Amino acid sequence: MILAGACCVQVVSTLYRNGVSYIGTMLTELNQWMEKKGFTSIDKFRGKLRKDKIADPWTYTRAQYVKLLMHPQKIINNYPVL
């Protein structure tokens, strides 16, 4: 969500499941990912995958279409049949 431009994300579900101490795990994993990718702060990667930042927005749209074709049940099962 941060890559898409979010300034904050919802984490309460994982805290209910794993306990408040899981915040440490999330921070460690985020820091490891940032280091691996060469980012020194969240602001350096926030919004990198926004559709309007992609040189060819059609690529983004096409990728979503291919995702639907590859895994239709994951998407279709989330919506009730009318």
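Helices here are DSSP runs of at least four residues, numbered from the N terminus. With that convention in hand, M70 can be placed in helix 3, which covers residues 57–70. The model described here is a predicted one.

A good place to begin is the overall layout. The protein chain contains 4 helices and 0 strands, and reading along the sequence gives the pattern α-α-α-α. Of its 82 residues, 6% count as buried.

Helix 2 spans residues 22–37, and two of its residues help to show how parts of the chain sit relative to one another. I23 is found in helix 2, and its relative accessibility of 33% makes it partly exposed. In sequence, I23 and V11 are separated by 12 residues, while their C-alpha atoms lie 8.9 Å apart in space. L30 also belongs to helix 2. L30 has a relative accessibility of 26%, so this residue counts as partly exposed, since that class runs between the limits of 20% and 50%. The partner to look for here is I42, which is 12 residues away from L30 in sequence and 9.3 Å away in space, C-alpha to C-alpha.

L30 appears again in the description of the largest pocket, where it is one of the lining residues. This pocket holds about 190 Å³ of space. Its lining brings together M1, I2 and L3 with V9, then M26, L27, E29 and L30, and finally F45. By character, the lining divides into 8 nonpolar residues, no polar ones and 1 charged residue. The charged member is E29, because Glu counts as charged.

L3, another of the residues that line the largest pocket, also takes part in a contact between distant stretches of sequence. L3 and R50 are 47 residues apart along the chain, yet the distance between their C-alpha atoms is 7.2 Å. R50 itself is placed in the loop between helix 2 and helix 3. At 33% relative accessibility, R50 counts as partly exposed.

Turning to charged pairs, the structure holds 1 salt bridge. Side chains of opposite charge can pair when their charged atoms come close. The pair in this model is D43 and R46, with 2.4 Å between the closest N and O atoms. That separation qualifies because a salt bridge requires the side-chain nitrogen to be within 4 Å of the carboxyl oxygen. The two partners fall into separate accessibility classes: D43 is exposed, at 58% relative accessibility, whereas R46 is partly exposed, with a relative accessible area of 25%.

The surface has a nonpolar feature as well. Y65, V66, L68, L69 and M70 together make a nonpolar surface patch of about 470 Å². M70, the residue met at the start, lies in helix 3 and is exposed, with a relative accessible area of 59%. A residue must have over 30% relative accessible area to belong to a patch, so M70 meets that condition with its 59%.

Notes. Residues numbered from 1 in each chain as written. Predicted model: local features only at pLDDT ≥ 70, side-chain atom pairs only at ≥ 80, totals over all residues. Heavy atoms only, no water. Buried < 20%, exposed > 50% of the residue type's maximum accessible area, 1.4 Å probe, protein only. 1 Å grid on protein atoms, 1.4 Å probe; cavity = no way out; pocket = protein on both sides within 12 Å on 5 of 7 lines; lining within 4 Å. Points joined across faces, edges and corners; volume = space filled by probe spheres on them. Patch = residues over 30% accessible without salt bridge, like charges linked within 9 Å, V, L, I, M, F, W, Y side chains within 5 Å. Areas by Shrake-Rupley, 256 points an atom, 1.4 Å probe, with all protein chains shown as cover.
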